[in-house]
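Thanks for sharing this one. Here are a few points that may help as you look through it.

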Amino acid sequence: MIGIDNELEQLFLKAQQDGQAVIKDRWARGNYGCCSTRAPLVEKYRIEINDRECLFYIWGSLAVSMDRSSRSANINKDYRASNYDQKTIDWFIQKAINL
């Protein structure tokens with residue numbers, strides 16, 4: 001899919017092999033707190049794939065789950081997705097359907 005980072009493609013492949021894969025990043029750029037320490041790494045994306053379902057987490061929140069037997073996606077209505085997040089969710093659904 002055009003506009004999706006290669007790191008997500010690699011993440012999906014790793015999750016297919018290992019069952020789970022995670023990319024960590026910094027939530028906020030620059031310094032964190034009063035002591036000029038770097039912001040801690042947090043989970044940016046996580047994909048879990050098992051026999052029953054495929055799960056996609058963004059910033060630690062479940063964004064979408066896909067039932068593998070029925071190939072039906074359940075998008076988390078409580079997750080407030082940015083435009084890019086929505087692209088990644090659409091990408092994930094397509095990848096999971098074709099799995």
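1. Start with the outward side of helix H1 in this predicted model: Asn6 and Gln17 are exposed there. On the other side, Leu8, Leu11, Phe12 and Ala15 are buried. Viewed down the helix axis, the buried residues fall within an arc of 100°, so they line one face of H1.

2. The helix itself is easy to describe. H1 has 13 residues and reaches 18 Å from its first C-alpha to its last, close to the 18 Å expected at 1.5 Å a residue. After H1 comes Gly19, with a positive phi near 95°.

3. Next, have a look at how H1 (residues 6-18) meets H2 (residues 83-97): their axes come within 12 Å and cross at roughly 35°. The crossing is right-handed. H1 contributes Leu8, Glu9 and Phe12 to the contact, while H2 brings Tyr84, Thr88, Trp91, Phe92, Lys95 and Ala96. Sorted by class, the contact has 6 nonpolar, 1 polar and 2 charged residues. Leu8 and Phe12 of H1, then, are among the contact residues and are also buried.

4. Which residue in the loop between strand E5 (53-58) and strand E6 (61-67) deserves a check of its backbone? It is Trp59, where phi is near 50°, a positive value in a residue other than glycine. Trp59 is partly exposed, with a relative accessible area of 27%.

5. Please give Arg71 a similar look. Arg71 sits in the loop between E6 and strand E7 (72-75), and its phi, near 55°, is again positive in a residue other than glycine. Arg71 is partly exposed, at a relative accessible area of 45%.

Conventions
Residues numbered from 1 in each chain as written. Predicted model: local features only at pLDDT ≥ 70, side-chain atom pairs only at ≥ 80, totals over all residues. Heavy atoms only, no water. Axes fitted to C-alpha atoms, helices over the stretch in contact; angles between N-to-C directions. Helix = DSSP H or I, 4+ residues; strand = E, 2+ residues; numbered from the N terminus. Left-handed = near helix turned anticlockwise from the far one by under 90°. Contact = heavy atoms within 4.5 Å. Nonpolar A, V, L, I, M, F, W, Y, C, P; charged D, E, K, R; others polar. Expected span 1.5 Å × (residues − 1). Buried < 20%, exposed > 50% of the residue type's maximum accessible area, 1.4 Å probe, protein only. Arc of directions from axis to C-beta.
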